[in-house]
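Visitor: I should like to go through this model step by step, asking on what grounds each description rests. Please begin once the structure is displayed.

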Amino acid sequence: MNSTPTVLTTNAIDQSEVFRVDVTGPRSAAAQGQKPITTARPTVAKQATGEVTHPVKIRTKNVDFFYGDNQVLFDVSLDIPEKSVTAFIGPSGCGKSTFLRMLNRMNDIIDGTRHTGDVLLEGSDVYDSSVDVVLLRKRVGMVFQKSTPFPKSIFDNIAYGPKVAGLRNKAKLNEIVETSLKRAALWDEVKDRLNSSAMALSGGQQQRLCIARTLATDPDVILMDEPASALDPASTARVEDLIFELKKNYTIVIVTHNMQQAARVSQRTAFFFQGVLVETGDTRALFTNPTEKQTEDYITGRFG
Amino acid sequence: MSTASTSSSDATLSKATSSLHRSASLVRLKEWGIRSLLFLCAAVSILTTLGIVAVLFSNAIYDVSPRQVGPNGEVRTNEAFFQQVSLTEFVFETRWTPGYTEKHFGIMPLVCGTLMISGIAALIGLPIGLCSAIYLSEYAVPRTRALIKPVLEILAGIPTVVYGYFALVFVTPYILKPLFQDLLGFNVGVFNAASAGIVVGIMIIPMISSLSEDVLRSVPRSLREAAYALGSTKFDVSTRVVVPAALSGIIASFLLAISRAVGETMAVTIAAGQTAIVTADPLRSVATMTSYIVNVSKGDAVIGSIEEKSIYAVGLTLFLMTLVMNIISQFVLRRFREVYN
Ligand SMILES: Nc1ncnc2c1ncn2[C@@H]1O[C@H](COP(=O)(O)OP(=O)(O)OP(=O)(O)O)[C@@H](O)[C@H]1O
Ligand SMILES: [Mg+2]
């Protein structure tokens with residue numbers, strides 16, 4: 001199903017760029033088994049302390065971004081580690097969504113935008129003219145703040161991605177739909193009504209449907225823009241559990257306004273302020289002991 | 001109020017109050033006047049519709065006083081169409097010859113001609129109209145849009161009689177004749193259903209494209225972004241997400257356009273001729289319901305004759321057909337609005 005584009009295959013990356021990430025999350029994740037890495041990149045070492053080192057999945061270098069003449073990102077350089085959750089926090093309008101949408105070129109479809117700097121996925125430039133943006137977006141999926149089910153059946157929503165990628169085999173589609181829904185923890189709730197409209201699901205179910213729909217395209221990276229901000233606490237908890245579960249196999253980047261959420265689900269956090277990446281680091285360290293004054297003010301609620 | 005005259009301060013108060021009342025009632029009168037005027041304007045269309053229905057009914061179905069005494073004392077019968085012709089004949093007879101000595105009143109040839117021309121028009125107008133709507137809403141950059149929209153509006157503004165002559169003096173001799181007669185060996189009539197269908201199809205393109213474009217544009221942007229984020233090309237987004245999401249609106253625009261094609265008169269009268277026959281050959285002349293009405297109206301049918309009455313029966317049939325289609329399209333459109341509140 002996945003014809004990997006030549007331009008995006010793994011390049012040798014800088015061996016020194018390896019993160020140390022604490023995977024001992026709040027939900028007793030100590031016993032997680034790491035999936036073997038099949039690429040030619042540096043081997044991930046599991047250490048006795050429960051710390052795992054993660055290679056860089058996405059690296060941005062000196063990214064500036066403009067809506068027309070209005071510059072909203074200033075020289076953002078950030079490394080995002082593989083198979084872990086990276087959270088973007090910062091006050092409204094600071095450019096979190098814009099930066100997130102840079103990563104799978106969603107800003108391309110907005111007229112009058114431009115950028116400078118590089119975005120590298122496994123070492124290759126995603127803005128290179130030879131990159132097929134359709135294939136890029138299959139590898140770097142996105143979940144939006146407002147759930148956006150298509151006005152189709154639940155089955156057709158999930159099968160959409162594989163279908164546009166050219167998959168016709170009914171049995172294979174059935175399998176993908178089932179595994180995607182199971183991974184998104186929605187299967188039990190909808191398995192008896194796959195052919196009814198997705199619009200009839202509750203808000204929380206719709207959001208998990210959108211996550212399942214993204215999983216069905218078999219991405220490596222999932223970008224989430226405030227995925228739980230429109231949900232009630234119970235649905236939010238389910239989505240957070242899901243994110244925690246998914247990071248075993250996927251690289252996840254999540255934008256959130258909820259500091260507790262960032263602390264709960266993420267291993268690394270990046271704090272943005274007025275289009276500038278102020279501080280980035282291990283989530284626990286950043287929340288307990290921020291180095292920058294602005295970060296401290298923000299996380300202690302002094303402005304926001 | 002009754003105690004107002006006891007003290008001077010009360011008196012002023014009373015005066016103020018009463019003047020307040022006077023102006024209030026003046027305002028209310030003005031309000032009433034405006035409201036009545038607006039109501040009358042709205043009522044014009046309702047009254048017109050009722051009037052048309054009444055005329056159609058009394059001439060086609062049932063006349064309350066069919067016997068009338070003329071100025072010289074002679075008695076004329078003025079019976080409605082269906083008081084003289086049975087509904088069974090009207091529906092099942094295959095000949096339509098009200099002007100001949102041997103009269104037959106089967107609506108089938110006229111319905112057949114109307115459906116053939118509308119069918120050809122739909123075959124041409126619907127896909128082209130929809131494709132231009134998709135182009136305008138999904139593909140066109142603002143500059144091309146600004147160029148195409150006025151052209152479509154001009155197309156919509158051309159008088160239908162011009163379309164009729166365009167069919168007669170261009171489409172038939174320069175397109176249909178060379179293609180079907182010289183190349184393929186069919187016989188192409190001077191008047192034919194195909195040329196009429198083609199120009200009516202062109203005529204309904206602006207209607208379909210502007211109505212469909214509106215519904216396509218009303219599909220939320222978030223839905224398009226979600227589709228792009230799943231690895232869609234622009235074509236996937238347009239055909240698999242946007243068009244299906246707007247489907248009921250598109251169908252409604254199709255129905256409205258088809259009912260316009262069914263009711264189209266001038267172009268059809270000029271281009272298709274006046275041969276009321278049941279045929280499957282689009283290269284022959286046919287008569288439609290509308291062209292029949294035109295030809296009888298401008299001809300010398302005697303007032304009160306069955307020939308004159310027949311146009312009301314045809315008109316009623318046409319009225320019912322377009323009414324049903326408009327009702328269906330309204331219904332479909334309402335369903336679409338419910339999906340995206
Ligand atoms: N489509 C657009 N066109 C023009 N300007 C935009 C557009 N989208 C965002 N902006 C501007 O870019 C800046 C950053 O917006 P962005 O949406 O990235 O912020 P954000 O951090 O995601 O905020 P929030 O937390 O409210 O979602 C804002 O000043 C915003 O007004
Ligand atoms: Mg945002």
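Visitor: Which residue is the bridge partner of Phe88(A) in β9(A)?

Guide: This is a predicted model. In it, Val255(A) of β9(A) is the bridge partner of Phe88(A). On the β10(A) side, Phe88(A) stands opposite Ala270(A).

Visitor: What makes β4(A) and β9(A) a pair of strands?

Guide: Pairing requires at least two bridges between the strands. Strand β4(A) is joined to β9(A), residues 251-255, by 4 bridges, and the two run parallel. The criterion is therefore met. By the same criterion β4(A) pairs with β10(A), residues 268-273, again in the parallel sense and over 4 bridges.

Visitor: How do you know that β8(A) pairs with β9(A)?

Guide: There are 5 bridges between β8(A), residues 221-225, and β9(A), in a parallel arrangement, where at least two are needed. One of the positions concerned is Met224(A), whose bridge partner in β9(A) is Ile254(A).

Visitor: Why are β7 and β11 of chain A called edge strands?

Guide: The open sheet has 6 strands in the order β7-β8-β9-β4-β10-β11, all of chain A, with mixed pairing. Strands β7 (140-143) and β11 (276-282) of chain A each pair on one side only, so they are the edge strands. From one strand to the next, the twist averages 15°.

Visitor: Why is β4(A) described as largely enclosed by the rest of the structure?

Guide: A residue counts as buried under 20% relative accessible area. In β4(A), residues 85-89, 5 of the 5 residues are buried, so the strand is largely enclosed by the rest of the structure. Both faces are covered: Val85(A), Ala87(A) and Ile89(A) are buried on one side, and Thr86(A) and Phe88(A) on the other.

Visitor: What makes the approach of Tyr67(A) to ligand 1 a polar contact?

Guide: The pair must consist of N or O atoms within 3.5 Å. A nitrogen atom of ligand 1 is 3.2 Å from an N or O atom in the side chain of Tyr67(A), so the pair qualifies. Two further side chains satisfy the cut-off through oxygen atoms of ligand 1: Ser92(A) at 2.4 Å and Thr98(A) at 2.5 Å. Taken alone, ligand 1 exposes 620 Å², of which the protein buries 61%.

Visitor: Which helix gives the most to the shell around ligand 1, and what classes of residue does the shell hold?

Guide: Helix α1(A), residues 96-103, gives the most, with 3 residues. By class, the shell has 3 nonpolar, 6 polar and 2 charged residues. Residues surrounding ligand 1 include Gly93(A), Lys96(A), Glu226(A) and His257(A).

Visitor: Why is α1(A) called mostly covered?

Guide: Of its 8 residues, 7 are buried, that is, under 20% relative accessible area. Among them are Lys96(A), Thr98(A), Phe99(A) and Leu103(A). Just after α1(A), Arg105(A) takes a positive phi of about 60°.

Visitor: How do you know whether Ser253(B) is buried or exposed?

Guide: Its relative accessible area is 2%; the cut-off for buried is under 20%, so Ser253(B) is buried. Ser253(B) is found in helix α10(B), residues 247-263. Ser253(B) and Arg334(B) are 81 residues apart in sequence, and their C-alpha atoms are 12 Å apart in space.

Note on methods:
Residues numbered from 1 in each chain as written. Chains lettered and ligands numbered in written order. Predicted model: local features only at pLDDT ≥ 70, side-chain atom pairs only at ≥ 80, totals over all residues. Heavy atoms only, no water. Buried < 20%, exposed > 50% of the residue type's maximum accessible area, 1.4 Å probe, protein only. Axes fitted to C-alpha atoms, helices over the stretch in contact; angles between N-to-C directions. Near = heavy atom within 4 Å. Polar contact = N/O pair within 3.5 Å; in protein donor to acceptor, adjacent residues only side chain to side chain. Areas by Shrake-Rupley, 256 points an atom, 1.4 Å probe, with all protein chains shown as cover. Nonpolar A, V, L, I, M, F, W, Y, C, P; charged D, E, K, R; others polar.
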